[in-house]
Amino acid sequence: MTQRTLVLLKPDAVRRGLVGEIIGRIERKAGWTVSALEMRTLDQDTLEQHYGEHKGKPFYEPLVAFMASGPVVALVVDGERVIEGVRALSGPTDPIAAAPGSIRGDFGTIVRENLIHASDSEESAIRELKIFFPGLS
Ligand code: RTP
Ligand code: MG
């Protein structure tokens, strides 16, 4: 089942020089392809659209401040079961709970600064791809 997902390499990943390492892990999965890529600093409106489901939660304001604190790298990735697959490669939200071998497990310690976002369902992927890559067919 070929799918398309939206991945963000968060500002901590960019600041720490982990962009190549993380993209490399994604690219090495059999048959997965990076079909679009852009580095940019996210504005408040984009972040509110992207993380709107968390508005009102205690971590929302610091999350948005963190996500606007420097450039992110936004990627479109295509491939076999890529939505579930990039989530599995990333590991759970809390990097300390994430297994070694996963991106968050290998590089993270802080819940907020957990390096990577990946769409969590087909519905989220469609919604998020429209926010970050509106011109994509
Ligand atoms: P994401 O949406 O970024 O892919 O991460 P996720 O699905 O694994 O986690 P989610 O629950 O959607 O939370 C979104 C992001 O908010 C930050 N967060 N901080 N308790 C906290 O301080 C807290 N909880 C979540 C993380 O950056 C998380 O990835
Ligand atoms: Mg999420």
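This is a short walk through the structure above, from the overall fold to the ligand and a few residues around it.

Okay, hi everyone. One thing up front: what you're looking at is a predicted model.

Let's start with the fold. The protein has seven helices and four strands. If you trace the chain from the N terminus, the order goes β-α-α-β-α-α-β-α-α-β-α. As for size, the C-alpha atoms sit in a box of roughly 40 × 35 × 25 Å along the principal axes. The radius of gyration is 14 Å, and that agrees with a compact globule, because a globule of 137 residues would come out near 14 Å. Of those 137 residues, 32% are buried. And if you take contacts between residues at least 6 apart in sequence, 69% of them join residues at least 24 apart.

Now, the last helix. H7 runs over residues 122-132, and its buried residues are Ala-125, Glu-128 and Phe-132. Where do they sit around the axis of H7? They share one side of the helix, because the arc they cover is only 80°. Some of you will remember the general rule here: an α-helix has 3.6 residues a turn, so residues three or four places apart point the same way. And what do the buried residues of H7 pack against? That would be two strands and two helices: E1 (2-9) and E3 (72-80), plus H3 (44-50) and H5 (82-90).

On to the ligand, which I guess is what most of you came for. Around ligand 1 we find Phe-59, Leu-63, Thr-93, Val-111, Arg-112, Asn-114, His-117, Ala-118 and Asp-120. By character, that shell splits into four nonpolar, three polar and two charged residues.

So what does the record say? UniProt, in an unreviewed entry, puts "binding site" at Lys-10, Phe-59, Arg-87, Thr-93, Arg-104 and Asn-114. The "active site" annotation, again from an unreviewed UniProt entry, falls on His-117.

Let me take His-117 a bit further. His-117 is part of strand E4. Is His-117 buried or exposed? It counts as buried, because it has 20 C-beta neighbours inside 10 Å, and 20 is where the buried class begins. Setting aside neighbours within four places in sequence, His-117 contacts Val-7, Leu-8 and Lys-10.

That brings us to Lys-10, one of the UniProt binding-site positions. Lys-10 lies in the loop between E1 and helix H1 (11-15). Lys-10 is a lysine that counts as buried, because there are 25 C-beta neighbours inside 10 Å. Again leaving out the neighbours within four places, Lys-10 is in contact with Met-67, Val-72, Leu-115, Ile-116 and His-117.

Phe-59 is another residue on that binding-site list, and Phe-59 also belongs to the shell around ligand 1. You'll find Phe-59 in the loop between H3 and helix H4 (60-67). Buried or exposed, then? Phe-59 counts as exposed, because it has 12 C-beta neighbours inside 10 Å. Beyond residues up to four places away, Phe-59 touches His-54 and Arg-112, and Arg-112 is also in the ligand shell. Here's one distance, if you want to orient yourselves: Phe-59 and Leu-89 are 30 residues apart in sequence, and their C-alpha atoms are 24 Å apart in space.

Last topic, the backbone. Leu-115, which I mentioned as a contact of Lys-10, has a positive phi near 75°, and Leu-115 isn't a glycine. Leu-115 is in the loop between helix H6 (103-107) and strand E4 (116-118). Leu-115 counts as buried, because 25 C-beta neighbours fall inside 10 Å.

Arg-81 also has a positive phi without being a glycine, at about 50°. Arg-81 is in the loop between E3 and H5. Arg-81 counts as partly exposed, because it has 15 C-beta neighbours inside 10 Å.

To wrap up: His-117 carries the active-site annotation from UniProt, sits in the shell around ligand 1 and contacts Lys-10. Okay, that's it from me.

Conventions:
Residues are numbered from 1 along each chain as its sequence is written. Chains are lettered from A and ligands numbered from 1 in the order in which they are written. This is a predicted model: local features need pLDDT of at least 70, side-chain atom pairs count only at pLDDT 80 or more; totals for chains, interfaces and linings use all residues. The radius of gyration is taken over C-alpha atoms; the globule rule is 2.2 Å times the number of residues to the power 0.38. Two residues are in contact if their C-beta atoms, placed from the backbone, lie within 7 Å. The arc is that of the directions from the helix axis to the C-beta atoms. A residue is near a molecule or strand if its C-beta atom, placed from the backbone, lies within 6 Å of it. Ala, Val, Leu, Ile, Met, Phe, Trp, Tyr, Cys and Pro count as nonpolar, Asp, Glu, Lys and Arg as charged, and the others, Gly among them, as polar. UniProt positions are given in the numbering used here, feature names are shortened, and annotations may be inferred rather than shown by experiment.
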